[in-house]
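Colleague: I should like to learn how to read a sheet and a buried site in a model of this kind. Please take me through the features in turn.

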Amino acid sequence: MKKNPFIAVAGNIGVGKTTFSEKISEKFGLEVHYESVDDNPYLSDFYGDMNRWSFNLQIYFLQHRFEGHININKSNNGIIQDRTIYEDFSIFAYNLYKMKIMSKRDWNTYQNLFNNMVQFLRKPDIIIYLKASTDTLINRIKNRNRDFEKDIDEVYLHRLNIYYKEWFSKIENFNVLEIDTNNFNIFKDKEKLDKICNDIKNKLNKL
């Protein structure tokens with residue numbers, strides 16, 4: 001397998017990216033770079049008033065993800081990253097703009113900042129796209145019982161799912177592995193997890 005790969009894990013809120021990243025890191029001996037959620041100072045405010053806090057939230061995610069990428073650039077280890085900077089732009093911020101929650105002025109500023117940042121980043125060798133239905137996402141979010149997610153809008157989640165599907169149907173400049181997680185229990189389905197690991201190896205070996 002490719003030495004010291006950079007694997008990124010993409011997917012909607014509640015799909016199971018963090019748990020998946022931890023499991024795959026154990027299998028391949030990779031260093032995990034986590035998404036900043038529990039310590040995000042804007043997240044609870046955002047869910048309470050999306051119009052007011054959308055730009056602040058997305059700028060926080062963008063700078064945090066950029067910082068993570070800089071650390072990845074410096075690392076000599078194999079890496080697995082929980083969510084990508086590309087999703088921040090193409091799905092989350094874009095969705096807020098299309099919903100008119102983020103203003104055109106803020107969207108243009110955000111877009112310019114993103115385009116400047118990504119010129120300096122190492123691209124993932126593979127992006128693993130974890131997908132699930134909106135109903136599955138809602139059930140998983142309820143089960144993990146995070147206070148700031150308890151009132152998350154199902155329509156908002158569904159729109160994100162639509163943009164994920166659209167983005168991955170058009171994506172050309174990334175090596176992508178799609179995994180349907182609707183009926184996948186990562187703690188019990190050892191056979192499926194082993195197959196996923198083999199699929200990852202095969203993708204990386206073709207690079």
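Modeller: Let us start with the strands, bearing in mind that this is a predicted model. Strand S2 is joined to strand S3 (residues 79-82) by 3 bridges, and the two run parallel.

Colleague: What holds the strands of a sheet to one another, in general?

Modeller: Strands of a sheet pair through backbone hydrogen bonds, and the arrangement is either parallel or antiparallel. In this model the pairing is parallel. As for a residue pair, His33 stands opposite Gln81 in S3.

Colleague: In what order do the strands of the sheet lie?

Modeller: The order is S2-S3-S1-S4-S5, with 5 strands forming an open sheet. At its edges lie strand S2 (31-33) and strand S5 (176-180), each of which pairs on one side only. On average, neighbouring strands are turned by 20° against each other, with direction ignored.

Colleague: Which helix packs on the sheet, touching S1, S2 and S3?

Modeller: That is helix H3 (residues 50-74), which touches strand S1 (6-11), S2 and S3. The direction of H3 makes about 175° with that of S3.

Colleague: Let us turn to single residues. Is Glu87 buried or exposed?

Modeller: The idea is to compare the relative accessible area with a cut-off: a residue under 20% counts as buried. Glu87 has a value of 0%, and is therefore buried. This residue is found in helix H4 (residues 85-98).

Colleague: Which side chain forms a polar contact with that of Glu87?

Modeller: The partner is Tyr164, and the polar contact between the two side chains is 2.4 Å. Setting aside neighbours within four places in sequence, Glu87 is in contact with Val9, Ala10, Gly11, Phe92, Tyr164 and Trp167.

Colleague: Which residues touch the most other members of the largest nonpolar core?

Modeller: That core has 61 residues, and those touching the most other members are Ile13, Phe20, Ile24, Tyr156, Phe168 and Ile200. Phe20 is a useful case: beyond four places in sequence, its contacts include Val9, Ile128, Leu130 and Ile179.

Colleague: Why does Leu130 count as buried?

Modeller: Leu130 counts as buried because its relative accessibility is 2%, and the cut-off is under 20%. Leu130 is placed in strand S4 (residues 126-131). Among the residues it touches, not counting those up to four places away in sequence, are Val9, Ala10, Phe20 and Thr181.

Colleague: How far apart in space are Leu130 and Leu30?

Modeller: They are 19 Å apart, C-alpha to C-alpha, and 100 residues apart in sequence.

Terms used
Residues numbered from 1 in each chain as written. Predicted model: local features only at pLDDT ≥ 70, side-chain atom pairs only at ≥ 80, totals over all residues. Heavy atoms only, no water. Pairing = 2+ DSSP bridges. Helix = DSSP H or I, 4+ residues; strand = E, 2+ residues; numbered from the N terminus. Axes fitted to C-alpha atoms, helices over the stretch in contact; angles between N-to-C directions. Contact = heavy atoms within 4.5 Å. Buried < 20%, exposed > 50% of the residue type's maximum accessible area, 1.4 Å probe, protein only. Polar contact = N/O pair within 3.5 Å; in protein donor to acceptor, adjacent residues only side chain to side chain. Core = buried A, V, L, I, M, F, W, Y, C linked by side-chain atoms within 4.5 Å.
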